[in-house]
Amino acid sequence: MSELIGNTQLEPVLISPVVSGMIRTWSEDETHLWSVDNPEALGKLLGRGIISRTMMPDNRFREVAMLDMQAGTLTVQPRFASPDSAALAEPFQLGDAIPVVGDPWDDLELALASVALSAAGRGEFWLAELGGWDAPPQPHCLFAVISEDGTANAVMEAAPVPADTGVWPEVPNDQPGVSVAAPASQDTIEAAGIFATAAIQTWNVHPWDVALTFGKLEDFA
């Protein structure tokens, strides 16, 4: 549902991670791949638990931004009111998709590693899933830090099983999914970027076709 503010038509959109200077948006009716005038600044806001969210099934959330299609701008709004909230209201200018320089999968890996550190710090898990308002439950890749008996483990799960990645363990084809775990540390948490990217590459999609869904483990205890 769009919102008219003055002469500006703003529409809430779901968003992908910023990869290679571009971001994908999903409205209720269509999706677009855009270049961003300041991708580094926008990328540092996403996945940090500080911008607006919308409810998804099973008490999970995705981040949303406000798209002005006519002006070609994307505005991220603060999730919580704070003295620096005004800084988040400055719109980012969007443009046509640009040629990719370098390997966008490397950019996605770095972005997911950074988001994993932030999510672990605030006690949240994330799921990398297909973007859009009606995303299917699979494929997906889960990252979480799970504490049990005083030990914290960084856990990754993927379904369907990612095959021939050289990263995920090889398991029988009829197994519905696969998981890996290691004692939580900065290195093992950041490794979420490696594992998630390897899984996503088996989905026959582009890095901008995925979105992140967040939640808290206690909501599912």
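## Exercises on loops, pockets and cores

Asn59 has a relative accessible area of 33%, so this residue counts as partly exposed; with a 1.4 Å probe and protein chains only, buried is under 20%, exposed is over 50%, and partly exposed is in between. We're working with a predicted model, where local features need pLDDT of at least 70 and side-chain atom pairs pLDDT 80 or more, while totals for chains, interfaces and linings use all residues. Numbering runs from 1 along each chain as its sequence is written, and side-chain values use heavy atoms, leaving out hydrogens and water.

**Exercise 1.** Place Asn59 and Asp149 in their loops and look at their phi angles.

*Solution.*
- Start with Asn59: it sits in the loop between β5 (53-56) and β6. Strands here are DSSP E runs of at least two residues, helices are H or I runs of at least four, and both are numbered from the N terminus.
- Its phi is near 60°, positive although Asn59 isn't a glycine.
- Now Asp149, in the loop between β10 and β11: phi is near 55°, again a positive value in a residue other than glycine.
- Asp149 is exposed, at 80% relative accessible area.
- Why bother flagging these? Most residues other than glycine have a negative phi.

**Exercise 2.** Find the cis peptide bonds that lead into Pro139 and Pro160, and say which loops hold these prolines.

*Solution.*
- From Gln138 to Pro139 the bond is cis, with omega near 5°. Pro139 belongs to the loop between β9 and β10.
- Between Ala159 and Pro160 the bond is also cis, omega being about -5°. Pro160 is in the loop between β11 and β12 (178-183).

**Exercise 3.** Describe the largest pocket and its lining.

*Solution.*
- Get the term straight: on a 1 Å grid over the protein atoms alone, a pocket is an open set of points where a 1.4 Å probe fits, with protein on both sides within 12 Å along at least five of seven lines; lining residues have an atom within 4 Å of a point.
- The volume is about 460 Å³, meaning the space filled by probe spheres set on the points, which are joined across faces, edges and corners.
- Of its 26 lining residues, Pro17, Val18, Gly43, Arg48 and Ala111 lie nearest the centre.
- Which element gives the most? That's α3, with six residues.

**Exercise 4.** Work through the largest nonpolar core, then pick out the second, separate one.

*Solution.*
- A nonpolar core joins buried Ala, Val, Leu, Ile, Met, Phe, Trp, Tyr and Cys residues through side-chain atoms within 4.5 Å.
- The largest has 32 residues; Trp126, Cys141, Phe143, Met156, Trp168 and Ile200 touch the most other members. Two or more residues come from each of α3, β9, β10, β11 (151-159), α5 (192-200) and β13.
- The second, separate core has 16 residues, including Ile15, Trp34, Leu46 and Leu94.
- Back to Cys141: beyond four places in sequence, its contacts (heavy atoms within 4.5 Å) include Trp126, Met156, Trp168 and Trp203.

**Exercise 5.** Is α5 largely enclosed or open?

*Solution.*
- Count residues: eight of the nine in α5 are buried, so the rest of the structure largely encloses this helix.
- Among the buried ones are Gly193, Phe195, Thr197 and Ile200.
- For contrast, try Asp29, in the loop between β3 (22-26) and β4 (31-36): at 71% relative accessibility, it counts as exposed.
- Across the whole protein, buried residues make up 45% of the 221.
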